[in-house]
Amino acid sequence: MNSPSSTITLRPFKTTDVEDFVLWAGDDRVTRSTRWKTITSKEEALTFIKEVCIPHPWRRSICIDDRSIGYISVFPGSGDDRCTAMIGYGLSVDYWGQGITTKAVKMALPQVFGEFPDIVRLQAFADVENKGSQRVLEKVGFLKEGHLRKYTYVKGNLKDLFIYSFLSTDAISPADS
């Protein structure tokens, strides 16, 4: 699906993304590890884009040739936790295994650290069963810090998660950038 001439970019969501958004956000395989439910209609997608994506502190659409195929979100901490942020992402199943998420996360890191100078630590959780997400984080340079047993419920299921971190002082690998 991804041709050599395709351009991968990150940009804020737009209401005109609704048709592309519903294609990937309407897929349970993409949303299985998200806190939000699978989108079931264009109306629901438009509401989500307007009420969640656009006002979010840092949520970007992963695009190929300006068409939305996924997302990256960063949730900055506040107060005494302003040095920490959480990162999460998802990508259309049609593009899995092509290195797109790895490239997008690598693109996001300097933007996030630049836009939020108080952030020193970016952390990510990966379901222990989600080998693809674990590979993305490891390829980007995140350090696996631990196995969090029975850590949280995701869509009604109690999950074990791995926790990863990337510090503002960590080098961003030039491969796939």
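Asp65 sits in the loop between strand 2 and strand 3 of this predicted model, and Asp66 lies in that loop too. Both have backbone angles worth a look. Phi of Asp65 is near 50°, a positive value in a residue that isn't glycine. Asp66, not a glycine either, has a positive phi of about 65°. As for solvent, Asp65 counts as partly exposed because its relative accessibility is 48%, and Asp66 counts as partly exposed at 40%.

Here are four residues of this report side by side, by relative accessible area.

| Residue | Relative accessible area | Class |
|---|---|---|
| Asp65 | 48% | partly exposed |
| Asp66 | 40% | partly exposed |
| Ile163 | 14% | buried |
| Cys53 | 2% | buried |

Now for helix 1. Six of its eight residues are buried, so "mostly covered" is a fair label, given that buried means under 20% relative accessible area. The buried ones are Val18, Asp20, Phe21, Val22, Trp24 and Ala25. What does the covering? Helix 2 (28-31), helix 3 and strand 3 are included among the elements over those buried residues.

Helix 3 deserves a closer look here. Helix 1 (residues 18-25) packs against helix 3 (residues 42-53) at an angle of about 100°, and their axes are 9 Å apart. That angle makes helix 1 roughly perpendicular to helix 3. On the helix 1 side, the contact uses Val18, Glu19, Phe21 and Val22, while helix 3 brings Lys42, Ala45, Leu46, Phe48, Ile49 and Cys53. Sorted by class, that contact has eight nonpolar residues, two charged ones and no polar ones.

Cys53 is a handy residue to follow from there. It's found in helix 3, and with a relative accessible area of 2% it is buried. Setting aside residues up to four places away in sequence, Cys53 touches Phe13, Phe21, Phe48 and Arg59. For a sense of distance, the C-alpha atoms of Cys53 and Lys131 are separated by 26 Å, and the two residues are 78 apart along the chain.

On to the cores. In soluble globular proteins, nonpolar side chains tend to be buried together. In this model, the largest nonpolar core has 32 residues, and the ones with the most contacts inside it are Ile62, Ile72, Ile87, Ile100, Val105, Leu122 and Phe142. Many elements chip in: strand 1 (8-12), strand 2 (59-64), strand 3 (67-76), strand 4 (84-91), helix 4, strand 5 (121-127), helix 5 (131-140) and strand 7 (157-167) each supply at least two residues. Which element gives the most to this core? Helix 4 does, with seven residues. There's also a second, separate core of 15 residues, and Val18, Trp24, Trp36 and Cys53 are among its members.

Helix 4 itself covers residues 100-115, 16 in total, and reaches 22 Å from its first C-alpha to its last, close to the 22 Å expected. Its buried residues are Ile100, Thr101, Thr102, Ala104, Val105, Lys106, Ala108, Leu109, Val112 and Phe113.

Last stop, Ile163. Its place is in strand 7, and it is buried, at 14% relative accessible area. Leaving out neighbours within four places in sequence, Ile163 is in contact with Arg121, Gln123, Ala124, Phe125, Leu143, Lys144, Glu145, Gly146 and Leu148. Ile163 and Gln134 are 29 residues apart in sequence, and their C-alpha atoms are 9.7 Å apart in space.

Note on methods. Residues are numbered from 1 along each chain as its sequence is written. This is a predicted model: local features need pLDDT of at least 70, side-chain atom pairs count only at pLDDT 80 or more; totals for chains, interfaces and linings use all residues. Side-chain values use heavy atoms; hydrogens and water are left out. Helices (H or I, at least four residues) and strands (E, at least two) are DSSP runs, numbered from the N terminus. The expected span of a helix is 1.5 Å times one less than its number of residues. Buried means under 20% relative accessible area, exposed over 50%, partly exposed in between (1.4 Å probe, protein chains only). Axes are lines fitted to C-alpha atoms, for helices over the stretch in contact, and angles run from 0 to 180 degrees between N-to-C directions. Angles under 35 degrees count as roughly parallel, over 145 as roughly antiparallel, 65 to 115 as roughly perpendicular and the rest as oblique. Contact means heavy atoms within 4.5 Å. Ala, Val, Leu, Ile, Met, Phe, Trp, Tyr, Cys and Pro count as nonpolar, Asp, Glu, Lys and Arg as charged, and the others, Gly among them, as polar. A nonpolar core is a set of buried Ala, Val, Leu, Ile, Met, Phe, Trp, Tyr and Cys residues joined through side-chain atoms within 4.5 Å.
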